[in-house]
Amino acid sequence: EAVKNLRADVLSFCMIPDRIPAFDFESFFKSHKVSYAGEEVQVAQELTWEGVEPSLPPPEICGKIKAIDIAVGGVKEYLRDPVNNLLPEDQWPEKPQKALVHCDDEEWEKLAVGIVKHNICEVIELDNVFGWANHHLLHGLFGVLKNEKTPSGIDILRLIMNLIPLNIIIRAAMGDIGTLPMVPQWGSLVMLVEEALVWSAEDLRCMFYLFALPSTWLPFQAFNRLAPSCLIPKGCKKACVLASRVLGMGFTSAVGIAQHLKREMLTGDPGADKHLP
């Protein structure tokens with residue numbers, strides 16, 4: 001009886017006129033892979049300005065919120081100067097790790113100019129970059145697909161800063177990670193008849209890139225590619241690099257700090273009686 005039912009299902013399926021469209025698995029697995037835990041992981045993509053620009057907020061928004069003006073307590077002290085947060089030197093690796101900037105040479109100038117104009121990065125002299133053992137602390141940049149395309153068909157990329165080298169030598173800030181809700185918590189939510197619940201499920205676009213860090217962080221967030229000549233300040237004869245002036249997505253503490261800043265913006269006193277309790 002079970003086999004008869006299976007046969008009926010198969011015959012019914014075969015009568016469906018539609019066909020599954022051809023799928024380019026080779027291209028798919030160039031940008032996707034699976035971790036040992038079975039989770040899908042995005043593969044690092046080569047950056048292009050045409051792919052990155054649509055995913056960024058406009059220049060007048062990027063890096064315009066000064067994190068130090070919003071933060072309070074321990075987070076505020078953490079943000080003042082990364083030197084105060086460094087681990088003991090005997091816990092550092094022998095020399096700084098270096099990460100790659102995934103961008104072709106012909107695309108680098110357009111990308112560098114774009115992220116500088118968007119207030120995400122600024123140019124600093126290589127000699128001013130933090131380092132030890134005669135090596136500079138330099139980080140990487142890469143893109144991950146957003147599974148969206150521009151009207152012209154170009155894959156839109158999320159700009160990712162690989163700040164793993166910094167993570168190894170600095171203490172992590174928990175920030176407000178403990179306030180991030182987990183899905184099972186909603187199941188235990190009990191409300192009284194006269195109560196109403198309001199929440200926002202909308203993510204902030206490139207949230208970390210909205211918050212500018214103090215200039216003391218620039219020497220610790222430089223990238224492993226010399227700045228194009230068009231960005232080097234007039235009169236400067238030294239090698240220069242780009243450094244992030246905002247929270248980096250690859251920074252271990254970024255989630256907790258960003259959550260703290262967003263909560264302070266909502267619950268803090270902005271000078272008017274419009275903040276949340």
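Student: Where does Asn 119 lie in this model?

Tutor: Asn 119 sits in the loop between helix H6 (105-117) and E4. Keep in mind from the start that the model is predicted.

Student: What is the value of phi at Asn 119?

Tutor: Phi of Asn 119 is near 65°, which is a positive value in a residue other than glycine. There is another case to look at: Asn 147 has phi near 60°, again positive and again in a residue other than glycine. Asn 147, though, has its place in strand E7 (residues 138-149).

Student: Is Asn 147 buried or exposed?

Tutor: The general idea is a cut-off on relative accessible area: over 50% is exposed, under 20% is buried, and partly exposed lies in between. Asn 147 counts as exposed because its relative accessibility is 61%.

Student: Let me step back to the whole chain. How many helices and strands does the protein have?

Tutor: Its secondary structure comes to nine helices and eleven strands. As for the overall dimensions, the C-alpha atoms fill a box of roughly 80 × 60 × 40 Å along the principal axes.

Student: How should I read the radius of gyration of the protein?

Tutor: Set it beside the value for a compact globule of equal length. For 277 residues that would be near 19 Å, but the protein has 24 Å. Burial adds to the picture: buried residues make up 38% of the 277 residues.

Student: And what do the contacts and the surface add?

Tutor: Take contacts between residues at least 6 apart in sequence: 77% of them join residues at least 24 apart. The accessible surface comes to about 17,300 Å², and 57% of that belongs to carbon and sulfur atoms.

Student: How many positive and negative side chains are there?

Tutor: There are 26 positive and 35 negative side chains, and the centres of the two sets lie 3 Å apart.

Student: With those charges in mind, how many salt bridges are there?

Tutor: The idea is a distance rule: a side-chain nitrogen of Lys or Arg within 4 Å of a carboxyl oxygen of Asp or Glu. By this rule the count is eight salt bridges. One of them joins Glu 77 and Arg 80, with 3.0 Å from N to O.

Student: Where in the fold do Glu 77 and Arg 80 lie?

Tutor: Both belong to helix H5 (residues 73-80), three residues apart, about one turn of the helix. Glu 77 is partly exposed, with a relative accessible area of 45%. Arg 80 is partly exposed too, with 40%.

Student: Which residue meets Arg 245 in a salt bridge?

Tutor: Glu 122 does, at 3.8 Å from N to O. Arg 245 lies in the loop between E11 and helix H9 (254-267) while Glu 122 is in strand E4 (residues 121-125), so the pair ties together parts that are 123 residues apart in sequence. Arg 245 counts as partly exposed at 21% relative accessibility, and Glu 122 counts as partly exposed at 32%.

Student: What about Lys 149 and Asp 155?

Tutor: Their side chains meet in a salt bridge at 2.5 Å, N to O. Lys 149 counts as exposed at 52% relative accessibility, whereas Asp 155 is partly exposed with a relative accessible area of 35%. Salt bridges can also join into a network, and here one links Glu 50, Glu 107 and Lys 110.

Student: Now the loop between E10 and E11. Is Leu 231 in that loop buried or exposed?

Tutor: Leu 231 counts as buried, because its relative accessibility is 17%. To see its surroundings, set aside residues up to four places away in sequence: Leu 231 then touches Ala 112, Val 113, Val 116, Val 123 and Leu 242.

Student: How far is Leu 231 from Val 198?

Tutor: Their C-alpha atoms are separated by 46 Å, with their positions 33 residues apart along the chain.

Student: And where does Gly 235 lie?

Tutor: Gly 235 is in the loop between strand E10 (222-226) and strand E11 (240-244). At 68% relative accessibility, Gly 235 counts as exposed. Its C-alpha atom is 35 Å from that of Glu 94, 141 residues apart along the chain.

Student: One last residue: which residues does Gln 259 touch?

Tutor: Gln 259 is found in helix H9 and counts as buried at 15% relative accessibility. Leaving out residues up to four places away in sequence, Gln 259 touches Asp 176, Thr 179, Leu 180 and Met 207.

Notes. Residues are numbered from 1 along each chain as its sequence is written. This is a predicted model: local features need pLDDT of at least 70, side-chain atom pairs count only at pLDDT 80 or more; totals for chains, interfaces and linings use all residues. Side-chain values use heavy atoms; hydrogens and water are left out. Helices (H or I, at least four residues) and strands (E, at least two) are DSSP runs, numbered from the N terminus. Buried means under 20% relative accessible area, exposed over 50%, partly exposed in between (1.4 Å probe, protein chains only). The radius of gyration is taken over C-alpha atoms; the globule rule is 2.2 Å times the number of residues to the power 0.38. Contact means heavy atoms within 4.5 Å. Accessible areas come from the Shrake-Rupley method with a 1.4 Å probe; for residues, only the protein chains shown count as cover. Lys and Arg count as positive and Asp and Glu as negative; His and the chain ends are not counted. The place of a charge is taken as NZ of Lys, CZ of Arg, CG of Asp or CD of Glu.
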